[in-house]
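Biologist: Could you walk me through how to read some features of a structure, one at a time? I'd like to start with strands.

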Amino acid sequence: MLIETERLVLRPFSEGDAEDVLEYLREPEVNCFARMRLGSLDEARREMRRREVGDECCLAIALKESGKVVGEIGAHPESNDPEGSDEEADTFSPYWMLNADYQGKGYAYEAACAFFDYLFRERGARRIYAYTEDYNLSSQHLCEKLGMRREGLFREFVTFVKNPDGTPRYENTVQYAILRKEWR
């Protein structure tokens with residue numbers, strides 16, 4: 001699958017993306033991506049090989065001009081079927097992550113718009129919802145710019161990291177959503 005925008009190409013990952021991905025996954029900026037942390041180029045190469053064969057909707061965000069991978073975007077489908085099959089998935093929970101050196105240039109918005117178009121038009125999404133940490137103001141701003149509405153704040157909702165004493169550090173999480181009929 002390939003999605004092109006004016007400045008970006010959203011595409012599957014390849015092993016050659018390892019160095020670029022290591023740049024932003026060596027120290028993920030927000031805690032929800034802490035488990036994705038990569039410690040070495042070898043580890044990044046293994047992760048890229050794993051992603052090459054995966055069936056999850058996870059795409060590299062690459063600059064059209066140079067091919068450099070500056071981030072990633074993906075979504076987890078949710079079925080409305082009580083049996084839980086992905087066949088009837090009409091709800092998607094997206095995520096995005098951008099290399100800090102490429103933030104503030106509109107790439108996340110450009111990628112997310114194209115990806116939401118794909119989910120609504122090609123994958124038959126009825127609803128897209130996103131979670132973001134209450135301290136991640138740039139992600140909240142992106143959700144709002146995409147036309148998503150803030151649906152709620154979940155206090156001490158989830159933990160991704162531990163406090164210095166080893167206890168879980170629970171985070172407040174904001175939920176945003178948009179329906180297909182609300183999308184542009």
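Modeller: Gladly, and keep in mind that this is a predicted model. Let's begin with strand pairing: strand β6 (residues 127-133) runs antiparallel to β8, and the two are joined over seven bridges. To see the register, look at Arg127, which stands opposite Leu179 in β8.

Biologist: Over how many bridges do β7 and β8 pair?

Modeller: Strand β7 (residues 149-162) and β8 pair over nine bridges, in the antiparallel sense. Here you can read the register from Leu153, whose bridge partner in β8 is Val174. Have a look at the hairpin of β7 and β8 as well: five residues lie between the strands, and Gly166 takes a positive phi near 90 degrees there.

Biologist: How many of the residues of β8 are buried?

Modeller: A residue counts as buried when its relative accessible area is under 20%. In strand β8 (residues 168-179), nine of the twelve residues are buried, so this strand is largely enclosed by the rest of the structure.

Biologist: Let's turn to helices. What span should α2 have, and how far apart are its end C-alpha atoms?

Modeller: The idea is to compare an expected span with the one in the model. Helix α2 (residues 41-53) has 13 residues, and at 1.5 Å a residue it should span 18 Å; the end C-alpha atoms are 19 Å apart, which agrees.

Biologist: And which residues of α2 are buried?

Modeller: First the general idea: an α-helix has 3.6 residues a turn, so residues three or four places apart point the same way. In α2, the buried residues are Ala44, Glu47, Met48 and Arg51. They cover an arc of only 100 degrees around the axis, which puts them on the same side of α2. What covers these buried residues includes α1 (18-25), β3 (57-63) and β4 (69-79).

Biologist: Arg51 caught my eye. Over the face of which ring does Arg51 lie?

Modeller: Arg51 lies over the face of Phe13, at 4.5 Å from the ring centre. You can find another such placement at Tyr109, where Lys145 lies over the face of the ring, 4.4 Å from its centre.

Biologist: What about Gln140: is it buried or exposed?

Modeller: Gln140 belongs to helix α4 (residues 137-145). With a relative accessible area of 8%, Gln140 is buried. To see its surroundings, set aside neighbours within four places in sequence: among the residues Gln140 then contacts are Thr132, Arg150, Val174 and Tyr176.

Biologist: My last topic is aromatic rings. How many aromatic pairs does the structure hold?

Modeller: There are eight aromatic pairs in the structure. Take Trp96 and Phe116: their ring centres are 6.4 Å apart and their planes are at 50 degrees, so the pair is tilted. This pair links distant parts of the chain, with Trp96 in strand β5 (residues 89-98) and Phe116 in helix α3 (residues 107-121), 20 residues apart.

Biologist: How are the rings of Phe116 and Trp183 arranged?

Modeller: The rings of Phe116 and Trp183 have centres 5.5 Å apart and planes at 50 degrees, so this pair is tilted. Since Phe116 lies in helix α3 and Trp183 in the segment after β8, the pair ties together parts 67 residues apart in sequence.

Biologist: Are those rings buried or exposed?

Modeller: Phe116 counts as buried at 0% relative accessibility, and Trp183 counts as buried at 7%. Trp96 is buried too, with a relative accessible area of 14%. To complete the picture, ring pairs link Trp96, Phe116, Phe120 and Trp183 into a cluster.

Notes
Residues numbered from 1 in each chain as written. Predicted model: local features only at pLDDT ≥ 70, side-chain atom pairs only at ≥ 80, totals over all residues. Heavy atoms only, no water. Buried < 20%, exposed > 50% of the residue type's maximum accessible area, 1.4 Å probe, protein only. Helix = DSSP H or I, 4+ residues; strand = E, 2+ residues; numbered from the N terminus. Pairing = 2+ DSSP bridges. Expected span 1.5 Å × (residues − 1). Arc of directions from axis to C-beta. Contact = heavy atoms within 4.5 Å. Phe/Tyr/Trp six-rings, centres within 6.5 Å; stacked < 30°, edge-to-face > 60°. Lys NZ or Arg CZ within 6 Å of the ring centre and 35° of its normal.
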